[in-house]
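Here is a brief report on how two chains meet and how one pair of helices packs. Please have the model open alongside.

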Protein chains: 2
Amino acid sequence: MRVGIDIGGTKTAAVVVDRNGTVLHEVKQPTGYGAEEVISTVTQVTRQLADRAGCPVSDFRSIGIGIPGAVNTATGRVDHAVNLGLVEFELGAESARLLGSPVVVENDVNAAAVGAYRLVNGGVGGGAAGGDSGPASTGSLAYLNLGTGLAAGIVLDGSLWRGATGVAGEIGHIPVDPSGVICTCGQRGCLETISSGSGISRQWPTDSSSPVHDMMRAATEGDEVAVRIRDMLFDGVATGVRLLVLSVDVQSVVLGGGVTSLGQPLLDGVRGVLRTWSSSSPFLESLRLDERIRYIPDSFSAAAIGAALIGEKTHD
Amino acid sequence: MRVGIDIGGTKTAAVVVDRNGTVLHEVKQPTGYGAEEVISTVTQVTRQLADRAGCPVSDFRSIGIGIPGAVNTATGRVDHAVNLGLVEFELGAESARLLGSPVVVENDVNAAAVGAYRLVNGGVGGGAAGGDSGPASTGSLAYLNLGTGLAAGIVLDGSLWRGATGVAGEIGHIPVDPSGVICTCGQRGCLETISSGSGISRQWPTDSSSPVHDMMRAATEGDEVAVRIRDMLFDGVATGVRLLVLSVDVQSVVLGGGVTSLGQPLLDGVRGVLRTWSSSSPFLESLRLDERIRYIPDSFSAAAIGAALIGEKTHD
């Protein structure tokens with residue numbers, strides 16, 4: 001049995017998977033802030049999983065951790081995970097010391113890409129990803145995370161592709177709007193400023209607990225500002241899909257992250273943009289971009305399952 | 001010994017390499033137009049190489065062909081190579097029949113990427129690629145072709161990455177200029193409309209045999225239109241480099257194709273743009289984009305050598 005833990009900005013999800021990648025147990029709890037609290041969260045969920053599984057923690061052959069931030073995957077050090085208050089923290093070594101099992105640490109979007117790959121190829125979770133068309137399985141895939149930020153994890157021929165310097169899939173920082181706002185990265189009009197949770201919150205200030213859903217509701221009711229923000233969101237996601245296909249040519253682009261809780265209307269909107277583009281470009285038409293998109297069901301803990309699978313590859 | 005042939009729109013270059021990838025002989029001749037002429041070119045250069053090598057053609061263990069067009073690499077069929085007048089032509093099978101050796105056919109930009117990879121990693125040609133900085137070797141590389149069109153070939157962990165549907169690296173058809181012209185692909189303001197030979201010829205009509213050099217000369221002399229075209233060229237190439245790094249995160253981007261005959265001024269111009277961007281973005285700065293660029297010396301037949309190497313991988 002192997003453990004996978006997805007440390008999110010607000011909540012942490014953890015799973016135990018068996019040798020076939022089937023999820024045996026799953027627990028969730030709020031994530032603490034800062035090094036001590038994050039470590040405490042990791043040890044707590046792992047012990048809860050051991051209780052559920054009726055075994056000691058030492059029976060877990062590996063523990064994989066996905067975390068939103070810059071990770072040195074060779075050492076398990078988190079260089080910075082701003083939302084969790086971590087800077088140069090030896091999360092892997094510290095977790096391994098406290099739990100007595102081998103630990104691997106990976107960026108959460110990359111972990112989710114590995115989980116999504118397994119889902120799409122039918123290895124776990126008992127079914128294929130959502131979406132009403134597209135191929136049944138895939139050798140290459142991008143997991144496009146529409147969360148607080150926007151970034152993709154890339155799986156090629158079944159293996160995670162991190163790139164030469166670990167920034168593969170950081171398409172959120174490709175500028176797409178010359179008249180856009182300055183991004184946190186310093187460039188103007190990055191994709192992330194348009195099609196991420198933070199981008200929408202900035203454009204649609206509200207007291208609602210979900211600015212994305214609030215904006216979408218207003219757009220549906222015809223609010224002109226909301227309609228513009230919504231259309232830019234769709235256009236931006238479509239732009240991300242086109243970028244991923246024309247650079248990496250992944251078979252599937254799986255959408256995930258908080259913004260995808262919009263569900264079918266998001267998928268329909270993005271597909272609509274892609275079809276409009278294709279209608280004036282036989283070349284784009286031939287790529288069938290609209291058929292390459294899928295989304296992950298809310299119930300599937302892609303990053304936790306992916307982290308468990310990465311642990312398996314690293315500690316065979 | 002293995003043969004590699006680069007069938008260009010106007011001229012064909014062909015090499016014989018030994019088992020170490022060292023070029024033993026090289027020949028060049030004008031390329032014919034249409035199926036019969038192209039096949040005739042292939043057989044002629046192969047027989048010339050056999051003469052040079054003092055052996056029968058049957059001594060060549062494989063013949064690799066790079067060609068500008070859409071290729072079915074599994075069958076060796078050229079689906080379309082517009083500039084050569086080929087449509088659904090069984091180039092691989094026909095060449096193999098006439099020459100009696102196994103033949104592989106690959107898109108020329110992909111073939112050049114494989115050749116560039118070998119060059120950068122010191123396997124052939126007796127030296128590293130040009131450029132005054134950057135790492136000495138590289139596990140991943142994009143060959144960015146600035147020819148009549150604009151496209152990249154991608155090598156990851158030493159292997160050519162064609163993508164799920166063979167369009168990996170087709171970044172020339174990513175729109176970057178919302179106010180640009182309609183591209184041959186049907187979209188507006190594609191990268192190719194700005195930073196390719198055809199894009200420059202369209203913007204700078206001239207009787208000169210080299211519109212690119214003519215434009216560059218005029219820009220140096222202060223012609224305002226030329227300066228604008230030149231600056232857009234630099235900006236577009238820099239945009240391509242940023243795209244390739246933020247999507248695939250290749251260690252090196254090797255520039256090739258006719259436009260790179262501009263030499264050092266092109267490299268300096270593109271690096272200047274990248275440095276300007278980095279000066280306002282610590283994130284981009286950390287990627288050291290300017291140090292990732294290299295160019296291929298004119299004397300290095302990247303696509304022919306790459307085609308020979310692909311033949312080696314396919315017919316061991």
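## The interface

In this predicted model, about 2800 Å² is buried between chain B and chain A. Carbon and sulfur atoms carry 62% of that area. Three residues stand out on the chain B side: Trp161(B), Leu246(B) and Asp249(B). Together they supply 21% of the area that chain B buries against chain A, more than any other three residues.

The contact draws 38 residues from chain B and 38 residues from chain A.

## Symmetry

A turn of 180° with a shift of 0.0 Å along the axis lays chain B on chain A, at an RMSD of 0.0 Å. That is the relation of a two-fold axis.

The interface residues agree with this picture of paired copies. Of those in chain B, 100% are also interface residues in chain A, so the copies meet through the same surface.

## Helices α6 and α7 of chain B

Helix α6 of chain B spans residues 211-220, and helix α7 of chain B spans residues 224-247. They pack at an angle of about 115°, with their axes 8 Å apart. Angles of 65 to 115 degrees count as roughly perpendicular, and α6(B) and α7(B) are therefore described that way. Their crossing is left-handed.

From α6(B), the contact uses Met215(B), Met216(B), Ala218(B), Ala219(B) and Thr220(B). These meet Ala226(B), Val227(B), Ile229(B), Arg230(B), Leu233(B) and Phe234(B) in α7(B). By class, the contact of α6(B) with α7(B) has nine nonpolar residues, one polar and one charged.

Notes: Residues are numbered from 1 along each chain as its sequence is written. Chains are lettered from A and ligands numbered from 1 in the order in which they are written. This is a predicted model: local features need pLDDT of at least 70, side-chain atom pairs count only at pLDDT 80 or more; totals for chains, interfaces and linings use all residues. Side-chain values use heavy atoms; hydrogens and water are left out. Axes are lines fitted to C-alpha atoms, for helices over the stretch in contact, and angles run from 0 to 180 degrees between N-to-C directions. Helices (H or I, at least four residues) and strands (E, at least two) are DSSP runs, numbered from the N terminus. Angles under 35 degrees count as roughly parallel, over 145 as roughly antiparallel, 65 to 115 as roughly perpendicular and the rest as oblique. A crossing is left-handed if the near helix is turned anticlockwise from the far one by less than a right angle, and right-handed if clockwise. Contact means heavy atoms within 4.5 Å. Ala, Val, Leu, Ile, Met, Phe, Trp, Tyr, Cys and Pro count as nonpolar, Asp, Glu, Lys and Arg as charged, and the others, Gly among them, as polar. Copies are superposed by least squares on the C-alpha atoms of residues with pLDDT of at least 70 in both. Buried area is the accessible area (1.4 Å probe) that two parts lose on being put together, summed over both.
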